[in-house]
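Good morning, colleagues. I should like to take a few minutes to go through the model now on the screen.

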Amino acid sequence: MPLDQAPPPRIALVVLGMHRSGTSALAGVLGHMGCDLPQDLMPPTEANPRGHFESLKVYYLNDAILASAGSSWDDWTAFNDEWYLSPRFAEFRARAAEVLTEEFGRSSLIVLKDPRICRLLPFWKQVLADAGFRPLFVCTHRAPSEVAASLTRREGWPEARGHLLWLRHVLEAEAGTRRDERIFVSYDSLLSDWRATVQRIAEGLGLHLPRSLETAAPAIDDFLSAELRHFRPGDDRGAASLPDWIREPYRILGRWSDDGEATGDQAALDAIRAEVERAMPMLDMLGRAVESRSKIEEFRSSLTLREQEIAELRGQLASDAAARAALQEELERARQAQAECEARLRHASQHLESMTRRLAAEMERGLAAQLATRERLPLVERQLADLEHQLLHKTAHVAELERHAGDLETELAHARRHVAEMEARHAAILSSTSWKVTRPMRAVTQVLSRRS
């Protein structure tokens with residue numbers, strides 16, 4: 001390349017389309033065709049199990065930009081153009097330049113995709129120009145009824161809200177790229193014949209993609225599996241019931257995807273966009289009313305759940321109270337059994353001591369009598385034999401009493417353990433979360449009981 005010749009501009013394929021319109025599928029296909037995707041990709045989700053193929057950093061940046069202008073991704077009103085005159089524009093412009101460098105480095109052919117870019121086209125066109133990119137816009141769409149149904153299933157919205165968001169995104173994407181190099185495709189055409197769609201993009205934008213269709217076909221065929229078809233391909237059957245604001249842009253975009261762009265349709269789109277802007281205050285008011293009603297229904301549902309939880313807590317309170325009463329009765333019986341065992345043990349100990357003293361006294365008297373009356377030795381010997389016999393008998397009786405005392409001590413230890421278990425269970429109930437949570441209810445119950 002001659003020294004005085006500038007290097008070819010870097011190319012950014014910017015995928016534009018409403019949320020749930022197949023932008024992820026299209027970005028994934030372009031990635032399989034060899035275009036560079038961001039480094040920090042948004043991870044797959046339940047809604048997009050194969051991935052979003054968009055930058056997490058761009059996603060967070062766009063959300064921050066919308067929030068700084070008092071908007072959000074699900075706002076159907078026009079973006080505040082005065083934001084571009086505020087200091088925040090320069091601040092976010094510098095941050096976006098850093099994000100592009102971090103995500104794409106020095107790549108010469110990148111895919112930039114985030115549905116929020118439809119609302120922020122002036123910003124991103126400026127950022128891409130600063131970074132030396134030539135933006136080529138690939139505008140894709142999906143039947144508005146399918147988009148609204150998908151958002152209703154995911155977000156729980158009324159379908160009318162999804163229709164308005166679809167309209168806002170497609171109108172702003174079309175108007176914002178009217179003077180730029182662009183091509184229009186559809187989600188249905190991508191799924192039904194991705195080869196023709198890719199070839200249409202390449203030829204329409206004058207691109208030479210890094211990979212051939214044959215090389216990329218196995219990976220793309222696997223990628224565009226039935227898992228991506230959350231809804232059946234769209235047609236005009238659902239469009240007939242839509243208002244002209246929705247139906248007419250959908251039909252125009254369909255013709256542009258099939259036959260190429262017709263500049264004569266732009267006047268119709270401009271007229272619809274102007275009507276939408278004139279009606280936006282009323283639409284916004286009606287939308288707020290619908291959202292308020294939805295919030296009321298959510299509150300009612302939440303209240304019903306709380307009432308069910310209160311009823312469950314009351315039932316748990318009654319159950320805990322009954323269990324506590326039963327434990328208290330069992331604890332009292334265990335304490336009585338312990339007292340009885342202790343009394344029997346004391347009686348046995350006293351009896352054993354008494355028998356021991358009596359036996360010792362009898363032995364002392366017998367020995368004294370033997371020493372005092374040696375002349376009566378034969379008689380004393382007989383008496384001594386009798387005393388020894390009595391001693392054996394008393395010793396056996398003492399052993400029996402000791403065994404009985406041991407049994408009583410074992411029974412007492414069991415009773416003490418049972419009492420300890422009852423006291424532990426009683427303490428557990430008093431310290432349980434349900435007992436603490438229901439303390440106010442018990443207090444109220446006690447007050448009402450005293451008043452009655």
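**The sheet and its surroundings**

The model contains an open sheet of four strands, paired in parallel and arranged in the order 2-1-3-4. Its edges are strand 2, residues 109–113, and strand 4, each of which pairs on one side only. Direction ignored, neighbouring strands of this sheet are turned by 25° against each other on average. I should state at this point that the model is a predicted one.

Let me turn to the individual pairings, beginning with strand 1. This strand covers residues 10–16 and runs parallel to strand 3, to which seven bridges join it. To fix the register, please locate Arg10, which stands opposite Phe133 in strand 3. Further along, Ala12 has Pro135 of strand 3 as its bridge partner.

Strand 3 also pairs with strand 4, residues 182–186, again in the parallel sense, and here there are five bridges. In this pairing, Cys139 is found opposite Phe184 of strand 4.

How many of the nine residues of strand 3 are buried? The count is eight, in a strand that spans residues 133–141, and strand 3 is therefore largely enclosed by the rest of the structure. As a general remark, side chains in a regular strand alternate between the two faces of the sheet.

A helix also belongs in this part of the picture. Helix 4, residues 121–130, lies across strand 1, strand 2 and strand 3, and its direction makes an angle of about 145° with strand 3.

I now come to a pair of helices. Helix 6, residues 159–176, packs with helix 10, residues 244–259, at an angle of about 45°, and their axes are 10 Å apart. Angles from 35 to 65 degrees count as oblique, and helix 6 and helix 10 are therefore oblique to each other. The crossing of helix 6 past helix 10 is left-handed.

Which residues make this contact? Helix 6 contributes His163, Trp166, Leu167, Val170 and Glu174. From helix 10 come Trp245, Ile246, Pro249, Tyr250, Leu253 and Trp256. Sorted by class, the contact of helix 6 with helix 10 comprises nine nonpolar residues, one polar residue and one charged residue.

To close, I would ask you to keep two items in view: the parallel sheet with its order 2-1-3-4, and the left-handed crossing of helix 6 and helix 10. Thank you for your attention.

Methods
Residues numbered from 1 in each chain as written. Predicted model: local features only at pLDDT ≥ 70, side-chain atom pairs only at ≥ 80, totals over all residues. Heavy atoms only, no water. Axes fitted to C-alpha atoms, helices over the stretch in contact; angles between N-to-C directions. Parallel < 35°, antiparallel > 145°, perpendicular 65-115°, else oblique. Left-handed = near helix turned anticlockwise from the far one by under 90°. Contact = heavy atoms within 4.5 Å. Nonpolar A, V, L, I, M, F, W, Y, C, P; charged D, E, K, R; others polar. Buried < 20%, exposed > 50% of the residue type's maximum accessible area, 1.4 Å probe, protein only. Pairing = 2+ DSSP bridges.
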